[in-house]
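Biologist: I would like a close look at one part of this protein. Please take the last helix and what lies around it, and go through it residue by residue.

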Amino acid sequence: LREELGVEVRAAERLIRYSHAYPDRVVWLDLWIVNDWSGEARGLDGQALKWVAIARLHEEDILEADQPIVTMLQAGAGRL
């Protein structure tokens with residue numbers, strides 16, 4: 001996160017790790033809940049950054065591989 005977003009993580013816990021198979025490759029995805037950090041998130045490689053409420057994630061253009069992340073976040077929204 002330091003390299004991509006400019007934030008230093010102090011405390012985090014893994015919520016889910018899984019693989020997704022595309023026709024030409026397999027990717028591994030990790031979702032971490034970051035409980036404590038320093039810095040302000042910004043796209044250091046020129047990428048867009050947008051904060052979205054968990055309940056509104058279904059309105060975003062989410063990659064197929066990221067759908068389990070959306071599902072997991074929405075299922076546990078009351079605990080986050």
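Modeller: What follows is an account of helix H2, set in its surroundings. The model is a predicted one, and every value below is computed from it.

The setting comes first. The protein has two helices and two strands, and from the N terminus on these elements run α-β-β-α. The C-alpha trace spans about 35 × 30 × 25 Å along its principal axes. Of the 80 residues in the protein, 18% are buried. Among contacts between residues at least 6 apart in sequence, 51% join residues at least 24 apart.

Now the helix itself. H2 covers residues 67–75, and its buried residues are Ile69, Val70 and Leu73. These three lie on the same side of H2, because they cover an arc of only 100° around the axis. An α-helix has 3.6 residues a turn, so residues three or four places apart point the same way. On the other side of H2, Thr71 and Ala75 are exposed.

What does the buried side of H2 pack against? The partners of its buried residues are strand E1 (8–22) and strand E2 (25–38).

Ile16 gives a view of this from the strand side. Ile16 is found in strand E1 and counts as buried because its relative accessibility is 18%, where the cut-off is under 20%. From Ile16 to Ile69 the C-alpha to C-alpha distance is 7.8 Å, although the two are 53 residues apart in sequence. With residues up to four places away in sequence not counted, Ile16 touches Leu29, Asp30, Leu31 and Met72.

His20 is another residue of strand E1. His20 has a relative accessibility of 13% and therefore counts as buried. Leaving out residues up to four places away in sequence, His20 touches Arg25, Val26, Val27, Leu29, Glu64 and Ala65. Arg25, one of these contacts of His20, also has its charged end over the ring of Tyr22, 4.8 Å from the ring centre. As for pairs between aromatic rings, a search of the whole structure finds zero.

H2 also takes part in the largest pocket. This pocket holds about 1500 Å³ of space. It is lined by 34 residues, and the closest to its centre are Leu5, Leu31, Lys50, Trp51 and Leu73. Two of these names have come up already: Leu73 is among the buried residues of H2, and Leu31 is one of the residues that Ile16 touches. Helix H1 (2–5), E2 and H2 each supply at least two residues of the lining. E2 gives the most, with nine residues.

The last stop is the loop that leads from E2 to H2. Gly39 has its place in this loop, and at 52% relative accessibility Gly39 counts as exposed, which means over the cut-off of 50%. Apart from neighbours within four places in sequence, Gly39 is in contact with Gly6 and Val7. Gly39 and Gly6 are 33 residues apart along the chain, and their C-alpha atoms are separated by 6.5 Å.

To put the helix together again: Ile69, Val70 and Leu73 are the buried residues of H2, they pack against E1 and E2, and Thr71 and Ala75 are exposed on the other side.

Methods. Residues are numbered from 1 along each chain as its sequence is written. This is a predicted model: local features need pLDDT of at least 70, side-chain atom pairs count only at pLDDT 80 or more; totals for chains, interfaces and linings use all residues. Side-chain values use heavy atoms; hydrogens and water are left out. Rings of Phe, Tyr and Trp (its six-membered ring) pair if their centres lie within 6.5 Å; planes under 30 degrees apart count as stacked, over 60 as edge-to-face and the rest as tilted. A charge sits over a ring if NZ of Lys or CZ of Arg is within 6 Å of the ring centre and within 35 degrees of the ring normal. Buried means under 20% relative accessible area, exposed over 50%, partly exposed in between (1.4 Å probe, protein chains only). Helices (H or I, at least four residues) and strands (E, at least two) are DSSP runs, numbered from the N terminus. The arc is that of the directions from the helix axis to the C-beta atoms. Contact means heavy atoms within 4.5 Å. On a 1 Å grid over the protein atoms alone, a cavity is a set of points where a 1.4 Å probe fits but cannot get out, and a pocket is an open set with protein on both sides within 12 Å along at least five of seven lines; lining residues have an atom within 4 Å of a point. Grid points are joined across faces, edges and corners, and a volume is the space filled by probe spheres set on the points.
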